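I set out to record what could be looked up in this structure, chain by chain. My entries follow in the order in which I made them.

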Amino acid sequence: MVKINFIEADGSETELDVQDGWSLMQAAVSNGVEGIEAECGGSCCCATCHCYVDEAYLDKLEAANDKELGMLEETVAERKDNSRLACQVKVTPEMDGMTVHLPEVQS
Amino acid sequence: MSRPIVIIGAGQGGLQAAESLRSAKFEGSILLLGDEKYLPYNRPPLSKAFLLRECERDQLTIRQAPVFEKKRITLETGVRVEKIDPGNHTLMCNDGRTIGYEKVIIATGSRARSLPIANVDVEGVHCIRTLDDTLKIQAELETTKNLVVVGGGFIGLEMAAVARKLGKVVTVVEFADRLMARVVSPMISDYYKNIHESHGVDVRLNAQAGEIIAKDGCVQGVKLSDGEELPADMVVLGVGVRPNQELAQEAGLICEGGIVIDHKGRTSDPDIYAIGDCTAQKLSDGSFLRLESVQNAVELAKAAANDIMGNDKPFVAAPWFWSDQYDVTLQMVGLSGGYDTAVLRGDLGSASFSYFYFKQGSLIAVDSLNQSSDHMAGRKLLGGANSLTPDTAQDLSYNLRDAIG
C-alpha cells in the first residue's frame, strides 16, 4: 500500500492507502474523494480527473504521453506545470507520501 | 416520513443522479435500485481493458460501499422494479415490496439486441453488456481458437481487437458496406477496415449471419446467408442495443424508441424523469436523439437532479464518444451524419489525424484518431459559436482555438 494525500480545493484532506498499480483516479473516486469526476472511467478521454501532483515527486512519475498532454490542453481549471490526469498516473511505491491537489472545477 | 426519490437502475447514470441530488443539497432520502448484484461499475472497459485483463474487477467499481453510507444513498442491488404506478406514486419490486416515491428517475439503460436466427441461444454465443457477460467471455476465451464477431460497430470491433491481441483467429461479419456506419464517416470506416486487416482480422462487409451452426447445444460456426460456413467456437453479437423502456411504457409514459424526454430528462409525467441509454431526447425540431454513451447518462443525470432541485441546467453539450481498438483511440464529438464537406487535418500516414465535418459551412463534428488535442478543441468549438472553416481546419499552422467564439 502506498500513502497518497488528496487535498480538495476547499482544503479538506483525505489520506488513502492505495494499492500499487491502481491509478490516482481510481483511488480517489472509489473512496468518494470529491473534486474528481472521471466521467470516462479512466480511458483518458474526458479530462475530468485533472489534478496537481506534488512537485517534489514529479520525477518519480512516468511522464505524460501525447494522449494525456492533448487532453490537458482543455482542462477547465488552470493547467500548471504539475498538472496531470489522475487516471493516467499509476501508483508506485516511490510515490509513498505524495500529496495531490484537486482543482475547484473539472467540467 | 416523506417519500424518497427512487432511482431505477444503478449504472453510471443512476449513480450520478443520486450524487448530483446530494451535491445540489437534496436532504431527503434517496433509494438507488440496481438489478445486477454488483456495486455500480464502469461499463466501457468491459469490451476493452478489462476484457483484456489489463485491470482488475475491483477497479471497475465506481464507488466502494462506505461512500454510499457517507452520502446517505440507500443502494439496493439485485432488485428489479416490475411496475410503476404513477397514480399512486408507487413502485412494485420483484421481491414483492411496494415502495412509495416522491419522484422517480428511470435509468434502466439498454440491453444487447439479439438476432432472429437459428441457434442464437446455444453455448458459446455471447453479447457484451454486463460484467457477467464479460466474465463469461474471459473464461471461455482461454480455450477459444476461432471467434466470429457479428456486427462491425464499436463493441464488435473492440472485441475483435482484444481477441487478436490474444492470438485468436477472428472474423468480423458486417451487414452494411462499411464498419461503424451508424456513427463515423466512410473515410474513418475504411481506415478501421485497414487497421483490422493489418492486425489479421478477416473483415466481411455486406455479409449477413444466416444461422448459428450448433452441435450438442454448443456453437460450431456461423453460416452466412450466401451459404458460406465460418467455423467458430465463440460467437459475439455486437448488433446494437434496445432501450429498456418497458417499465415506462406500461406506466403510460410516451416512448418513441426510447422514453421520450427533454434536455432535462423530463418525461411526460411531471414526477418521473429518465436518463441515459433508455431515453430518446426530443429536439426542438421535433426529431428524436438516441445516444448510447457515458456522457449521455452522466450529463442527463446531472440535468435531471438539478431540475428536481429547481436549478435550470439542461444537457446541451455536443455529444462525444470514444473507442479503443489496438493502439488507436478514436474520439468523436458532434454527429457527422449529413455532412457536405469533410477535411483532413494531419497526415493519414502518421496514424494521428482528425476529420472535421461541415454542413452548409458550419462545423458539425470532429473525429480524431490518436489526436486528443483536436478532439478537445472540437468540444470547445462545438460548444458554442465558432468561426472555423474547412480551409482553417485543415491548415496545421492554424490554431484551432483561435476559431472559438
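**Entry 1: chain A, contacts and burial.** I began with contacts in chain A at a separation of 6 or more, and found that 67% of them are accounted for by residues 24 or more positions apart. I worked throughout from a predicted model. I then looked up burial: of the 107 residues in chain A, 55% are buried.

**Entry 2: chain A, fold and dimensions.** I counted two helices and five strands in chain A. Their order along the sequence is β-β-α-β-α-β-β. The radius of gyration of chain A is 12 Å, close to the 13 Å from the globule rule for 107 residues, so I noted chain A as being as compact as a globular protein of that length. The C-alpha trace of chain A spans about 30 × 25 × 25 Å along its principal axes.

**Entry 3: chain A, surface and charge.** I noted an exposed area of about 4,600 Å² for chain A, with 43% of it supplied by carbon and sulfur atoms. Chain A carries 22 negative and 7 positive side chains, and I found the centres of these two sets 5 Å apart.

**Entry 4: Glu62(A).** Where does Glu62(A) sit in chain A? I located Glu62(A) in the loop between strand E3 (50-53) and helix H2 (66-72). Is Glu62(A) buried or exposed? Its relative accessible area is 70%, and exposed means over 50%, so I entered Glu62(A) as exposed. I also looked up its distance from Cys49(A): the two residues are 13 apart along the chain, and their C-alpha atoms are separated by 17 Å.

**Entry 5: chain B, overall.** I turned to chain B and counted nine helices and 26 strands. The radius of gyration of chain B is 22 Å, close to the globule-rule value of 22 Å for 405 residues, so chain B is as compact as a globular protein of that length. Along the principal axes, its C-alpha atoms fill a box of roughly 65 × 65 × 40 Å. I recorded 55% of the 405 residues of chain B as buried. Among its contacts between residues at least 6 apart in sequence, 59% join residues at least 24 apart.

**Entry 6: chain B, surface and charge.** Chain B exposes about 16,900 Å², of which carbon and sulfur atoms supply 48%. I noted 42 positive and 52 negative side chains in chain B, the centres of the two sets lying 4 Å apart.

**Entry 7: chain B, domains.** The domain assignment of chain B gave me domain 1 (5-111 + 242-308), domain 2 (114-239) and domain 3 (327-403). The C-alpha centres of domain 1 and domain 2 of chain B lie 30 Å apart. I noted that 19 residues from domain 1 and 19 residues from domain 2 of chain B take part in the contact.

Note on methods: Residues numbered from 1 in each chain as written. Chains lettered and ligands numbered in written order. Predicted model: local features only at pLDDT ≥ 70, side-chain atom pairs only at ≥ 80, totals over all residues. Heavy atoms only, no water. Helix = DSSP H or I, 4+ residues; strand = E, 2+ residues; numbered from the N terminus. Rg over C-alpha atoms; globule rule 2.2 N^0.38 Å. Buried < 20%, exposed > 50% of the residue type's maximum accessible area, 1.4 Å probe, protein only. Contact = heavy atoms within 4.5 Å. Areas by Shrake-Rupley, 256 points an atom, 1.4 Å probe, with all protein chains shown as cover. Lys, Arg positive; Asp, Glu negative; His and termini not counted. Charge placed at Lys NZ, Arg CZ, Asp CG, Glu CD. Domains from an automatic or database assignment.
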